[in-house]
Amino acid sequence: MAMAQQAREELFRDYNIGSFYDEMFSARSTARGHYSRVYDELAALGSGQFQQRRELADSAFLLQGITFTVYSDGRGTERLFPFDLVPRILPFSEWSKIEAGLTQRVLALNFFLRDIYGPQQILKDRKIPRSLVYSCRHFRREAMGLEVPRGIYTHVAGIDLVRDSRTGEFLVLEDNVRTPSGVSYVLENRLVMTRTFPGAFQRHGVLPVHHYPDELCQILRSLSMRSTDPVIVVLTPGNFNSAYFEHSFLAQQMGVELVEGRDLVVNDDVVYMKTINGLTRVDVIYRRIDDEFLDPLAFRGDSVLGVPGLMGAYRAGNVALANAIGNGVADDKAVYAYVPDMIRYYLDQEPLLRNVDTYICSRPDDLAYVVDHLHELVVKAVGESGGYGMLMGPMSTKSMIDDFRTRLLLDPRNYIAQPLVPLSVCPSYDAASGRMAGRHVDLRPYCLFTGDKVTIVPGGLTRVALQPGSMVVNSSQGGGSKDTWVLRGED
Amino acid sequence: MLSRIADSLFWMSRYMARAEDTARLLDVTYHMLLEQSQDSYQLRWDRIITITGEQELFYKFYDEATPHNVFEFLAFREDNGNSVVSCLNRVRENARTMRDRISREMWENINTLYHSVKAFDPKVEIHNGPHRFCTHIVFASHGFYGVTDGTLPRNEGWHFLEAGRALERAETTARIVDVEYHKLLQSSVQVAQPDNHQWMAVLKSVAAYEIYRREYHSRIDPQKVAELLILHPRHPRSIRFNVALLQTALRSISGASPHTYASEAERLTGKLHDTLVYDRIEDIFARGLHFFLTDLQKTCRGIGENIARKYFYYAGVA
């Protein structure tokens, strides 16, 4: 007992809850019900034992080559995507609410895309300004009037959620309905956790996540008009892409071919892959290449990643693409502000998950407010993702703010602004002190739309800002990830 | 199977074989020279560079072929595309582009090897001599082919791996025999009494010393060494053995029945195999060994090009 007490003091000594919502603790040293067993288990480990498990997990990632490459030093150094061993835990009741909210949102986004590239009823009814939609960088005229297989646009959606420390409520921060990545980390994190803490999963009822590739494969299979046993491929930009590991992982898990643009050829509006026995017809492409690089004949002519003629084959209905072309109009950060209205309009329901308040800079009143309050706002470019093209007002210097203001005024349509949401924190291992410390987290669940229903693997990817005080969780900015547990019950 | 994947498998296997062959050559040569006079020293190191076919590049970097320079050049330099480290980088790059198509065990094996090789400090190894590094590479290569053998289904992919390794080994053995004969005959005044040590090193570099002793029960006779390395039907490094393997692999890929061929690569391989089966070493010496081996290397290159043309490049609609 004395030993355990000492060890307990070791990992959580000096743990400071601070002013943010803490995922694990409701008050100092009082673990929330759904965290109590994990807390006891961690508290019983000494710093040295914890460090050993950590090394075990890191070497598992390194040996499997789950790394991304940093080219800054000219040699191409491989870095691990940092993995934190303290899980993010959600009790079932809380997850159920999130799940219902996400389902609603994905359905509405899909309705919206069908509508925009079809009858445009929502524009005629003046629920969303026509000019806003038509000025989206990722709005694709080429997709107008296209019949997409089974009416599905958002086969895979990654919706970014954050917990507001002030209310404890989950808010939607962004929608990603083009080619969201990260789901492979959900599966690999789980695998590594079960190897590192084998006992923990028996004691906790943790809902499994490993059916994701199966569910995705079923959706892809259902898209073929020609065959009940279609040829499916995953289309990757190649092994220098930072998400390449995920592309090959999903292809392997689904048992389908991983192809690059140069492996495909289009003849008479039919897509083939080049094999050692000649050409094999391809029915369904899960593409992880952005719209503008897909087909140099239809979009960017300088793209070497794409397949000339692919758009023609798609138009002719000879190949299915997931996700659909033109989805970027739905995850534009200015259109985001209208998603709650879409839910009311298409589903006749009240949104279960709220948005973060958003100022749309193309509106003159909003712009005037934003320009005066840049130091307290987060400003984002509407068509970007991955934490690029943004200003974190409260953390920026005056010259950075002035610089950004100039850019904002030159092109207001390209920006939105939001108050800084104080993200919740979760205890995470701080290597510098060898202790646990609260670090800000978000949550990206992965939603699959089958055309009839939305399937969401329980949990998703919890990203964590490992720098003290940082609220930027993107891996390109020093973020890491955690295994996310949804419990079968409440504790 | 995608053409690109077949291409990657073929070359992954070739690069792994090349890394092993280079490591063997380095190790054996270094240890033989510990017992040698200063005279032949220079010649011998220079010869290794000739075998790898990189004289031009080598003398761009260095003035002379010292053990230090040769070891650094062949083992570690990444600007030498055929150094051990460069070959292993390419093995891993190839594996990475098709990790969904090779077994997880293969990928982890290659990845572990890559990280273990990065952990070697060239300065320390060059100071201590090549044995530790080279042994590591040779074992790793065995490990790679062993894991592959134990985990990869015997489909086309397997046959492309086999073809790559067989072609690489056939070519390497041909180059070793050619260069050694050429240089040894040039430098030795008495052709009839060549330097035993050097021939023993040649045999060891292709793991053929023990089999030579068992099969020939004689002192080292250069013509017999050549016979073993070129014509032996069962020694896994002999040219004939590897050409036979290559023929089997290519037939398994195309499905051609015996005594027929489905591609130019198969025709060239079959023709070469017949020569190796029915020619005797005396016939080859009578026509000129150097001539024979030069011709053989040219054929090997032709086979490689034709495999690429048939399977790796897309040419027209099926």
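## Two chains, one chat

Author: Let's start with two helices of chain B: H1(B) and H4(B) are roughly antiparallel to each other, a label for angles over 145 degrees. This is a predicted model, where local features need pLDDT of at least 70, side-chain atom pairs count only at pLDDT 80 or more, and totals for chains, interfaces and linings use all residues. Residues are numbered from 1 along each chain as its sequence is written, with chains lettered from A and ligands numbered from 1 in the order in which they are written.

Reader: Cool! What angle do helix H1 and helix H4 of chain B pack at, and how far apart are their axes?

Author: The angle is about 165° and the axes are 10 Å apart, with H1 covering residues 3-33 of chain B and H4 residues 67-76. Axes here are lines fitted to C-alpha atoms over the stretch in contact, and angles run from 0 to 180 degrees between N-to-C directions.

Reader: Which residues of H1(B) and H4(B) meet?

Author: Thr22(B), Leu26(B) and Tyr30(B) from H1(B) meet Pro67(B), Phe71(B), Leu74(B) and Ala75(B) from H4(B); contact means C-beta atoms, placed from the backbone, within 7 Å. By class, that contact of H1(B) with H4(B) has 6 nonpolar residues, 1 polar and no charged ones.

Reader: Switching to chain A: how many helices and strands are there?

Author: Chain A has 15 helices and 25 strands, counted as DSSP runs (H or I, at least four residues, for helices; E, at least two, for strands).

Reader: And how many Å does the C-alpha trace of chain A span?

Author: About 75 × 60 × 50 Å along its principal axes.

Reader: What share of contacts in chain A links residues 24 or more positions apart?

Author: They make up 69% of the contacts with a separation of 6 or more in chain A.

Key:
Contact = placed C-beta atoms within 7 Å. Parallel < 35°, antiparallel > 145°, perpendicular 65-115°, else oblique. Nonpolar A, V, L, I, M, F, W, Y, C, P; charged D, E, K, R; others polar.
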